[in-house]
Amino acid sequence: MASLLNNQRPPVFCPGCSHERITHILDQVFQKMGLNGDQIVIVSDIGCSGLFDTFFDTHALHGLHGRALTYAVGLKMAKPDLNVVVTMGDGGQGIGGAHLLAACRRNLDLTLLILNNFNFGMTGGQFSATTPQEAQIGSGFLNQLERPLDICQVARTAGAPYVTRCSAFRKDLVEEIQRAIEFEGFSVIDIWGVCPGRFTKKNRLTPKLIDEALSKLSPQEGVVSENVRKEYGRHYRELAADHKISTTPVKIEAKFNPPQPDRQEIILLGSAGQRIITAGEILCLAGLSAGLHATQKNEYNITVLRGLSISELILSPKKIDFSGIKQPSVIVALAQEGVDRRMDLFGNLDDDTMVLQINGVHIPPTRAFIHRVNLKTQGVKKSDWALACLAILAKLKRVISLEMLQAALEIKFREKTLEVSLKIVSDVKIERQVD
Amino acid sequence: MSLSLLEGNEAIARGAVAAGCRFFAGYPITPATTIYNSMLNLLPPLGGIVLQGEDEIASIAFCLGASMAGMKVMTATSGPGISLFSEHISFAVGSEIPIVIVDVQRLGPSTGSATRGADGDINFLRWSNSGGLPVIVLAPVDVDDCFTLTMQAFNLAEKLRCPVLIASNKEIGMTRESIDLDALEKPEIIDRMPPPAGQHYLPFQVAVGQSVPYFLPIGGNVPVRQTSSTHGQNGYITTDHEEIAITLDRLQTKLESAIDQFSFYEFIKSQKAETLIITYGVTARAAKAAYEEIKEQTNPASVLILKTLWPVPESIIRQTAQSYKRVLVVEMNLGQYVREINRILPDMHIDFLGQMNGRLITPRQIMEKIANG
């Protein structure tokens, strides 16, 4: 195969820079693999390693510092047959650390070449995540304070199934990079090189010294057997093929007449575990079954199993503009947490508003009409109180009718759940408690 | 007529799918998470892809990669995530990568209140890219808009090769609402334009009389270059100041000169009104309610609801406002878009009503402001 080097744009690295050597090696890899330019994308980011994509006649995507792996994910998922080669420096590895960890865990078929030259060459030789503590670098003493990162140990621990640490001067680097590209899964090669423009101005680093340093570390050479597993893209497509839970929204025809013809505002003031949001949805569905428009606006704490749960509902024959509560028709006081959050509601009410109060829930003084029920003595479980209150409203022909409520339950629930819900609705008594 | 009950967020997801979106990547964040949940239900059965990134930076970057591979892509987040999107919004602007970005706004600043609404990101969305080039921002009012404006957003992203941002709000996104899906006015679907056959392809070359480069995907038969750096027509870094100036000017004018083609708005006219309310987003609903209540009274108001916020639809605003004595800008923040109205209508009397406390601005507040100034 012909070289894929861009003959219009020869490498522009400093004389003696390892990056230039790796550029030619990568071209040999592509030639050996018999790849055309349209079968490869080189994804790069910022720094001297970010120049790589410009030297090749391949697809290329050059982006922000440390993010090369992230663009590569989108490209590879969209084009599974594309050979995706990512180049990053030790700088990009540092700033994009989270992306490296995620790539190792994900095991998408990308090849990451880390061109590790132990400093930020382009910006003045500042220290990177791999700079030795004893090195003289462009950021004063700061590198003495931070321990350099062992990229390969991190990659292994994070789950990369192919990890190699080697010198840019390694004799079989062509074969090694080819093995990494041909490996089906995420492969990382941490390639140690020389930065003559910055690092070796004040620090001695030669191919021999690199070899000596590498020999003191545990060798990292290719396949990490304990991490070998299904490649992410392949696995994704397998699982996605079985993921068939798409639903089309239920379309509800108007079948009934609502008991009141005008806009009705209902507030359910409850607590977590009372299925307030579900009850609100059922009330809306009941409204839809009578051709009414509906909105449901909920309030609950981030800790979903504790604290207040409030649902504000509007049913209206017209399209609903303001989705907040202006003048509630019904307030259902189901739990103290909910009532306490909306104390300010009660002062301005008149007897057009009905408060459906569960026995034991305290409400502030109000001129609203109060209908108090004791669901405990009726044997209704606390988690069914909200539904039972909807049934009471329906039986009182307030906001919804019984047939609207039953229709809503038939839309929302199936089989056993439907049966149980319908029974709660039929059993509940509207009896008003008096002191 | 039959009605369905949908959350605004789910309507956005369904609108995206209807527009041809087949790639979504996101990171969980209240109040935007249900867009991600909905996409996870909708896309895999269609052969689409849904990913959860390790953070918001990765999520939007996955989308940029997939978009450059030719897919229609979307991501969604809220305030803290839109902050992290910033570097990639810049990339999408400068390198003309189609993407739809949804910001389901919550009360800020910073982590703010996860379950309280606000329209506090309106200026941030416009100005969050380094370089300050224009972006398109659309603002839905209700569940219908969530569906149809999302389709429009995709069309604009494809046609103009740019990011399109949707400024939703917790109060729209997480509110369930009745919707007549059969009655929605859905736009024709637009796809990005490939170059004419047989033409030598340069990724940022623009044909005579056009303002948007043709698109070929990374991974296709012709090698394609993409770069976040200042580039020439060939996609390589350039230092030619004339070429740079031409490109950046084009990025500005391709959106600003086309604004009349995508100025979405609704105008509700009251014949005797001396006051024009200008508003957007969920607050428009309170303004509509106020309009209804006072339309027969001595001091009614008309309402201009902007659904395209950026670029500012200046001609619509000027034309509509000219027959009024007074403009009242109402927005769910402490005064952001009102700056644009002040700029566009320097000779008009402009009042402002804003609020940032996690609660909706009510029709009553608007009526009081109209009555009392």
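Start at A:Glu253. In this predicted model, A:Glu253 stands opposite B:Ser2, a residue of strand E1 of chain B. So which strands are pairing here, and in which sense? They are E7(A) and E1(B), the latter covering residues 2–7, and they run antiparallel over two bridges.

That pair belongs to a mixed open sheet of nine strands. Read the order with me: E7(A)-E1(B)-E8(B)-E9(A)-E10(A)-E8(A)-E11(A)-E12(A)-E13(A). Both chains contribute strands. Which strands stand at the edges? E7 and E13 of chain A, the latter spanning 369–373. Each has a single partner strand, so one side of each is left without a neighbour in the sheet.

Further along the sheet, look at E11(A), residues 330–333, and E12(A), residues 354–358. These two run parallel, joined by four bridges. One of the matched pairs is A:Val330 with A:Met354.

Stay with A:Ala333. Beyond its neighbours within four places in sequence, A:Ala333 is in contact with A:Leu269, A:Val339, A:Val355, A:Leu356, A:Gln357, A:Ile358, A:Val361 and A:Ile363. A:Ala333 also appears among the residues with the most contacts inside the largest nonpolar core. That core has 251 residues. The others on the list are A:Leu75, A:Val86, A:Leu334, A:Leu390 and B:Val100.

Now the interface between the chains. How many residues are in contact? 54 of chain A with 57 of chain B. On the chain A side, the elements giving two or more residues are strand E2 (59–62), helices H2 (68–78), H4 (97–106) and H10 (276–289), and strands E7 (252–253) and E9 (293–300). H2(A) gives the largest share, eight residues. By class, this side of chain A has 24 nonpolar, 18 polar and 12 charged residues.

Next, domains. Chain A splits into domain 1, 18–241, and domain 2, 264–427. Their C-alpha centres lie 58 Å apart. Chain B splits into domain 1, 1–262, and domain 2, 266–372. There, the C-alpha centres are separated by 28 Å.

What touches what inside chain B? 29 residues of domain 1 are in contact with 22 residues of domain 2. On the domain 1 side, the elements giving two or more residues are helix H5 (122–127), strand E6 (136–138), helix H6 (143–160), strand E7 (163–169), helix H7 (170–173) and helix H8 (241–256) of chain B. The class split on that side is 16 nonpolar, five polar and eight charged.

Last stop: the start of chain B. E2(B), residues 23–26, and E3(B), residues 49–52, run parallel and are joined by four bridges. B:Ala25 stands opposite B:Leu51 in E3(B). With helix H2 of chain B, residues 33–42, these two strands make a right-handed β-α-β unit.

B:Arg22 sits in the loop between helix H1 (8–19) and E2 of chain B. Is B:Arg22 buried or exposed? Buried, because 20 other C-beta atoms lie within 10 Å, and 20 is where the buried class begins. Which residues does B:Arg22 touch, setting aside those up to four places away in sequence? B:Leu43, B:Leu46, B:Gly48, B:Ile49, B:Met71 and B:Lys72. The C-alpha atoms of B:Arg22 and B:Pro44 are separated by 8.7 Å, though these residues are 22 apart along the chain.

Methods
Residues numbered from 1 in each chain as written. Chains lettered and ligands numbered in written order. Predicted model: local features only at pLDDT ≥ 70, side-chain atom pairs only at ≥ 80, totals over all residues. Contact = placed C-beta atoms within 7 Å. Nonpolar A, V, L, I, M, F, W, Y, C, P; charged D, E, K, R; others polar. Pairing = 2+ DSSP bridges. Core = buried A, V, L, I, M, F, W, Y, C linked by C-beta atoms within 7 Å. Buried ≥ 20, exposed ≤ 12 C-beta atoms within 10 Å, placed from the backbone. Domains from an automatic or database assignment. Right-handed = clockwise from strand over helix to strand, strands pointing away.
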